[in-house]
Amino acid sequence: MTKWEQHVKTKSSGSIHEQLSSSHKLIVEKKRKYIKTLIEITLFLSKQGLAFRGHDESKLSSNKGNFKETCDLLAKNCPEFEEKYSNLTNFTSHLIQDELVNLSAESIRSKITKKIKCNKVFGIMIDEARCFKEEQMSVCVRYTVGLNVVERFLDFVDVSENQNADSLCAKIFEFLTENQLDKYHIVAQSYDGASVMSGKFNGVQSKVKNKFPYAIYTHCMAHQMNIVVIDMCKIVKESRIIFNTIESLYKHFSHPTKNKTLVTMQRKLGVKISKINSLSDTRWNCRWKNCESVVYNY
């Protein structure tokens, strides 16, 4: 009788094999949901440009870094997430964080390259930036989607070893090959005005043109505008006097006490609270912002 009752019960609940299979599927589904949440945290922090890790990520730390602190916040409000996060193996180590970032970046690059493959032609925009003791080369692409022009950043390439034209060009071609873009035509290239990049005979633009004859070189418009504004500010006497005066104002109000007085006056007068920044030869827009601050406040 007992065996018969168990047999009848299996018809409604399923056999032991089916029950084990269903239990396994449920476990897999929970783990996937947990990893998906970690990926969403990774994408959120990346989009907001926030650092992932803290100096001390131990359990007793008051600040474990943005990634783990976000996980702690979710764990307080989501019991299902907390169940997995409280385990010894919770996939939040710095190695897993790096892997999630790299996998997300690869997925985004893959989507961008697929769109380029549909067009079969694209343009490249290259610039260099120094990060601590490394020289990084940023690689951006320009292509069309329908009638719309799209610009996308692809990656940073380490060029610390050498920054001559041959080395930089080799790095560009190597990057294109890795992302399967070397099969398609480069029809435009844009860099700054440095001779190593813009040189007509031995610069990067000439070497790219040897391989892609239709790759028209354009001096970056933002760099051109910066050069024009900076030179104008230095050559024209009136503008030179104005910006020297603004620089003196910046030095004067950079002192905390005087800056506090300025902010108090702005509040009392009911004007927009703004500040004057230090002038930079590589950021022309800071001059416009300083002029705007002076117009609003003086």
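Trainee: Where is S138 found?

Mentor: S138 sits in strand β2. Keep in mind that this is a predicted model.

Trainee: Why is S138 called buried?

Mentor: Its relative accessible area is 16%. Buried means under 20%, so S138 makes the cut with its 16%.

Trainee: And which residues does S138 touch?

Mentor: Leaving out residues up to four places away in sequence, S138 touches M125, I126, D127, F153, D155 and F156.

Trainee: D155 is on that list. What makes D155 and R109 a salt bridge?

Mentor: The closest N and O atoms of D155 and R109 are 3.5 Å apart. The cut-off is 4 Å between a side-chain nitrogen of Lys or Arg and a carboxyl oxygen of Asp or Glu, so the pair qualifies at 3.5 Å. D155 lies in strand β3 and R109 in helix α5, so the bridge ties together parts that are 46 residues apart in sequence.

Trainee: Are these two partners buried or partly exposed?

Mentor: R109 counts as buried, at 15% relative accessibility. D155 has 24%, and the range from 20% to 50% is called partly exposed, so that is the label for D155.

Trainee: How many salt bridges does the structure hold?

Mentor: Seven. One of them joins K33 and E80, with the closest N and O atoms 3.6 Å apart. That pair links distant parts of the chain, K33 being in helix α2 and E80 in helix α4, 47 residues apart.

Trainee: What about E57 and K68: how far apart are their closest N and O atoms?

Mentor: They are 4.0 Å apart, and the two form a salt bridge. E57 is in the loop between α2 and α3, while K68 is in helix α3. K68 is buried, with a relative accessible area of 16%.

Trainee: Moving on to α6, how do you know that its span agrees with its number of residues?

Mentor: At 1.5 Å a residue, the 14 residues of α6 should span 20 Å. The end C-alpha atoms of α6 are 20 Å apart, which agrees.

Trainee: What do the buried residues of α6 pack against?

Mentor: They pack against β1, β2, β3, β4, α7 and α8. The buried residues of α6 include L168, I172 and F173. At the start of α6, a side-chain oxygen of N164 comes to within 3.3 Å of the backbone nitrogen of D166.

Trainee: What makes the phi of F91 worth pointing out?

Mentor: Phi of F91 is near 60°, which is positive, and F91 is not a glycine. Most residues other than glycine have a negative phi. F91 is in the loop between α4 and α5. K120, in the loop between α5 and β1, also has a positive phi, near 70°. Just after α6, Q180 takes a positive phi of about 60°.

Trainee: Last one: why is Y214 called exposed?

Mentor: Y214 has a relative accessible area of 65%. Exposed means over 50%, so Y214 fits with its 65%. Y214 is in the loop between α8 and β5. Together with V121 and V187, Y214 makes a nonpolar surface patch of about 290 Å².

Trainee: And which residues of helix α8 are buried?

Mentor: V204, Q205, S206 and V208. They pack against α6, β4, α7 and β5.

How values were computed. Residues numbered from 1 in each chain as written. Predicted model: local features only at pLDDT ≥ 70, side-chain atom pairs only at ≥ 80, totals over all residues. Heavy atoms only, no water. Buried < 20%, exposed > 50% of the residue type's maximum accessible area, 1.4 Å probe, protein only. Helix = DSSP H or I, 4+ residues; strand = E, 2+ residues; numbered from the N terminus. Contact = heavy atoms within 4.5 Å. Patch = residues over 30% accessible without salt bridge, like charges linked within 9 Å, V, L, I, M, F, W, Y side chains within 5 Å. Areas by Shrake-Rupley, 256 points an atom, 1.4 Å probe, with all protein chains shown as cover. Expected span 1.5 Å × (residues − 1). Polar contact = N/O pair within 3.5 Å; in protein donor to acceptor, adjacent residues only side chain to side chain.
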